[in-house]
Amino acid sequence: MPTKGSACRAEGNQTLRTVCASCGRSIPTEVGHAHPLDEVIRRETWGLVGYHAKQKAVFPTCAACYGTGWRPPGFVSMN
Ligand SMILES: [Zn+2]
């Protein structure tokens, strides 16, 4: 595994993983590239939009936490 180079950067690399904003579980980062119409498809990672330090931000959330109703601070409903 190379220690430097664009292949290791998060941009455009969908194989990287992140952690759930609620429980810290390791989850895929692929949600960042999901199409809005894919919202209805069951998946492992949810990108919930909320606010962090008054800045709009996406909070990666695992399916378990999403299912139990966890939402980020200032959660913005897409409906
Ligand atoms: Zn979680």
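Is Trp46 buried or exposed? Select Trp46 and look at its surroundings: with a relative accessible area of 12%, Trp46 is buried. Keep in mind as you go that this is a predicted model.

**Stop 1: the whole chain**

Now zoom out and colour by secondary structure. You should find 1 helix and 4 strands, and if you follow the chain along its sequence, the order is β-β-β-β-α. The chain has 79 residues, and 23% of them count as buried. Among contacts between residues at least 6 apart in sequence, 28% join residues at least 24 apart.

**Stop 2: the zinc ion**

Next, select the zinc ion together with Cys20, Cys23, Cys62 and Cys65. The SG atoms of these four residues coordinate the zinc ion, at 2.3 to 2.4 Å. What is the geometry of the site with its 4 donor atoms? The site is tetrahedral, with angles of 104 to 113 degrees among the donors. If you highlight the donor residues on the sequence, their spacing reads C-x2-C-x38-C-x2-C. Cys20 sits in the loop between strand S1 (17-19) and strand S2 (26-28), while Cys65 belongs to helix H1 (residues 63-67), so this pair ties together parts that are 45 residues apart in sequence. Try showing a surface here: Cys20 is buried at 4% relative accessibility, and Cys65 is buried as well, at 10%.

**Stop 3: Ser22, in the loop**

Stay with the loop between S1 and S2 and select Ser22, which is found there. With a relative accessible area of 35%, Ser22 is partly exposed. Which residues does Ser22 contact, leaving aside its neighbours within four places in sequence? They are Cys65 and Trp70. For a distance to try in your viewer, pick the C-alpha atoms of Ser22 and Phe59: they are 8.7 Å apart in space, although the two residues are 37 residues apart in sequence.

**Stop 4: Thr61, in strand S4**

Move on to strand S4 (residues 55-62) and select Thr61, which is part of this strand. Thr61 counts as buried, at 0% relative accessibility. Show its side chain and the backbone of Phe59: a polar atom of the Thr61 side chain lies 3.0 Å from the backbone oxygen of Phe59. Beyond its neighbours within four places in sequence, Thr61 is in contact with several residues, including Cys20, Ile27, Glu44, Leu48 and Trp70. Trp46 and Tyr66 are also among the contacts of Thr61, and they are what to select next.

**Stop 5: Trp46 and Tyr66**

Show the rings of Trp46 and Tyr66. The structure holds 1 aromatic pair, and here you have it: the ring centres are 3.8 Å apart and the planes meet at 5 degrees, so the pair is stacked. Trp46 comes from strand S3 (residues 45-52) and Tyr66 from helix H1, so the pair ties together parts that are 20 residues apart in sequence. Trp46, where the tour began, is buried, whereas Tyr66 is partly exposed, with a relative accessible area of 25%.

**Stop 6: Arg71 and two rings**

For the last stop, add Arg71 and Phe75 to your selection. Where is the charged end of Arg71 placed with respect to the ring of Tyr66? The charged end sits over that ring, 4.2 Å from its centre. Then turn the view towards Phe75: Arg71 lies over the face of Phe75 too, at 5.5 Å from the ring centre.

Notes. Residues numbered from 1 in each chain as written. Predicted model: local features only at pLDDT ≥ 70, side-chain atom pairs only at ≥ 80, totals over all residues. Heavy atoms only, no water. Donors = N, O, S within 2.8 Å, 3.2 Å for Na, K, Ca; no water. Tetrahedral: all angles 85-135°; square planar, octahedral: opposite > 155°, others 65-115°. Helix = DSSP H or I, 4+ residues; strand = E, 2+ residues; numbered from the N terminus. Buried < 20%, exposed > 50% of the residue type's maximum accessible area, 1.4 Å probe, protein only. Contact = heavy atoms within 4.5 Å. Polar contact = N/O pair within 3.5 Å; in protein donor to acceptor, adjacent residues only side chain to side chain. Phe/Tyr/Trp six-rings, centres within 6.5 Å; stacked < 30°, edge-to-face > 60°. Lys NZ or Arg CZ within 6 Å of the ring centre and 35° of its normal.
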